[in-house]
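Here is a friendly walk through one protein chain. Keep the viewer open and follow along as we go.

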Amino acid sequence: MAPIIANPTITLTPEPLTPVNFAQFEPSSLPPHNPTPVLANQNSALKYSPISPLLDRYNGSPSGKPSEARMTMFCCFPRKLRSIGSGPSEKEAFDVRILERHPFTNQTFIPVDLSAHSKVGDGEDEPLFLVVVAPTLKGQTITAKNEQGETVTIQDPPDLKNIKAFVARGGQAVTYGVGTWHAPMVVLGKRRVDFVVVQFVNGVGDEDCQEAAFGEGVVVDLGRKGQLGRVENQPRLWTAKL
């Protein structure tokens with residue numbers, strides 16, 4: 001992992017996770033977001049297809065090693081949040097320490113056994129997860145320090161001027177476009193969330209996944225403690241000095 005040497009001073013307000021707001025981070029060949037449903041399973045189900053493509057761009061990888069489609073289960077536990085302030089005005093924040101990208105495949109996270117609403121009568125909070133994404137600065141390079149203190153070059157780095165954060169609910173899945181920088185999955189709340197992840201891989205480390213780490217990191221302000229997800233308390237995102 002290589003800490004990025006940068007000093008951004010950007011403040012952003014997250015948008016709701018909707019197909020329109022997230023469009024720039026999805027595959028450019030994404031099919032219509034609202035396909036017309038058709039009856040299936042002896043008229044006992046509605047089938048929506050297609051909803052997300054499977055893109056394999058490994059034929060342009062340096063190694064030329066062929067890829068294969070892969071389905072993986074990620075069991076993601078709630079992340080530790082940091083408190084800001086105290087008393088009635090106390091807030092929670094999440095420090096983003098790393099972004100990663102998959103340069104030759106898109107990647108879809110599909111939550112399993114979740115509903116967009118709390119379970120009736122058990123008092124369980126609605127499951128939420130945080131999506132942090134940044135476009136790629138294609139054709140550009142930046143210098144960084146690796147763990148040995150050596151200066152290295154990162155090609156096609158994340159565009160921190162256009163980094164965004166979204167809070168997704170349990171009934172939503174997310175597809176990251178080919179080469180889109182994103183934070184590893186961040187589950188919020190009290191319960192574990194399991195995801196089925198669909199992508200292509202070829203087993204070559206730097207071709208399957210590239211990472212960029214931060215010093216002080218990117219900070220997501222999640223608002224007042226215990227109020228996440230309410231309309232009147234939309235979180236804010238800013239970048240600390242890196």
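## A hairpin to start with

In the hairpin made by β5 and β6, six residues sit between the strands, and Gly 85 takes a positive phi near 80 degrees. Please keep in mind that this is a predicted model. The two strands, β5 and β6, pair in the antiparallel sense over three bridges.

Ile 84 is found in strand β5 and stands opposite Lys 91 in β6. With a relative accessible area of 27%, Ile 84 is partly exposed. Lys 91 is partly exposed as well, and its relative accessible area is 27%. Ile 84 also has a partner to look for far along the sequence: Lys 225 is 141 residues away in the chain, yet the two C-alpha atoms are 9.3 Å apart in space.

## The chain as a whole

Stepping back, the chain has one helix and 17 strands. Of its 242 residues, 43% are buried. Among contacts between residues at least 6 apart in sequence, 78% join residues at least 24 apart. The accessible surface of the chain comes to about 13200 Å², and carbon and sulfur atoms account for 52% of that surface.

## Two nonpolar cores

Which residues have the most contacts inside the largest nonpolar core? They are Val 96, Leu 99, Leu 130, Val 132, Ile 163 and Val 220, in a core of 22 residues. Five strands each supply at least two residues of this core: β6 (91–101), β8 (128–134), β11 (164–169), β14 (186–188) and β16 (210–224). The most comes from β16, which gives five residues.

A second core, separate from this one, has 17 residues, and Phe 129, Val 133, Tyr 176 and Phe 195 are among them.

Strand β6 deserves another look here. Nine of its 11 residues are buried, so β6 is largely enclosed by the rest of the structure.

## Salt bridges that involve β6

Side chains of opposite charge can pair when their charged atoms come close. The structure holds five salt bridges, and three of them are worth visiting in turn.

Begin with Arg 82 and Asp 95, whose side chains meet in a salt bridge at 2.8 Å, N to O. Arg 82 lies in strand β5 (residues 82–84) and Asp 95 in strand β6, so the pair links parts of the chain that are 13 residues apart. Arg 82 counts as partly exposed at 36% relative accessibility, whereas Asp 95 is buried at 19%.Next, the side chains of Lys 91 and Asp 221 meet in a salt bridge at 3.5 Å, N to O. This pair links distant parts of the chain, with Lys 91 in strand β6 and Asp 221 in strand β16, 130 residues apart. Is Asp 221 buried or exposed? Asp 221 is buried, because its relative accessible area is 3% and buried means under 20%.

The third pair is Arg 101 and Asp 156, where the side chains meet at 3.8 Å, N to O, in a salt bridge. Arg 101 lies in strand β6 and Asp 156 in the loop between β10 (151–155) and β11, so the pair ties together parts that are 55 residues apart in sequence. Arg 101 is buried, with a relative accessible area of 8%, while Asp 156 counts as partly exposed at 23%.

## Out on the surface and in the loops

Leu 39, Leu 46, Tyr 48 and Ile 51 form a nonpolar patch on the surface, and together they have about 450 Å² of accessible area. Ile 51 lies in the loop between β3 (45–47) and β4 (68–76). With a relative accessible area of 59%, Ile 51 is exposed.

One more loop residue rounds off the tour. Glu 126 has its place in the loop between β7 (107–112) and β8, and at 22% relative accessibility Glu 126 counts as partly exposed. Glu 126 and Arg 191 are 65 residues apart along the chain, and their C-alpha atoms are separated by 9.4 Å.

Technical notes
Residues numbered from 1 in each chain as written. Predicted model: local features only at pLDDT ≥ 70, side-chain atom pairs only at ≥ 80, totals over all residues. Heavy atoms only, no water. Core = buried A, V, L, I, M, F, W, Y, C linked by side-chain atoms within 4.5 Å. Buried < 20%, exposed > 50% of the residue type's maximum accessible area, 1.4 Å probe, protein only. Helix = DSSP H or I, 4+ residues; strand = E, 2+ residues; numbered from the N terminus. Salt bridge = Lys/Arg side-chain N within 4 Å of Asp/Glu carboxyl O. Contact = heavy atoms within 4.5 Å. Areas by Shrake-Rupley, 256 points an atom, 1.4 Å probe, with all protein chains shown as cover. Pairing = 2+ DSSP bridges. Patch = residues over 30% accessible without salt bridge, like charges linked within 9 Å, V, L, I, M, F, W, Y side chains within 5 Å.
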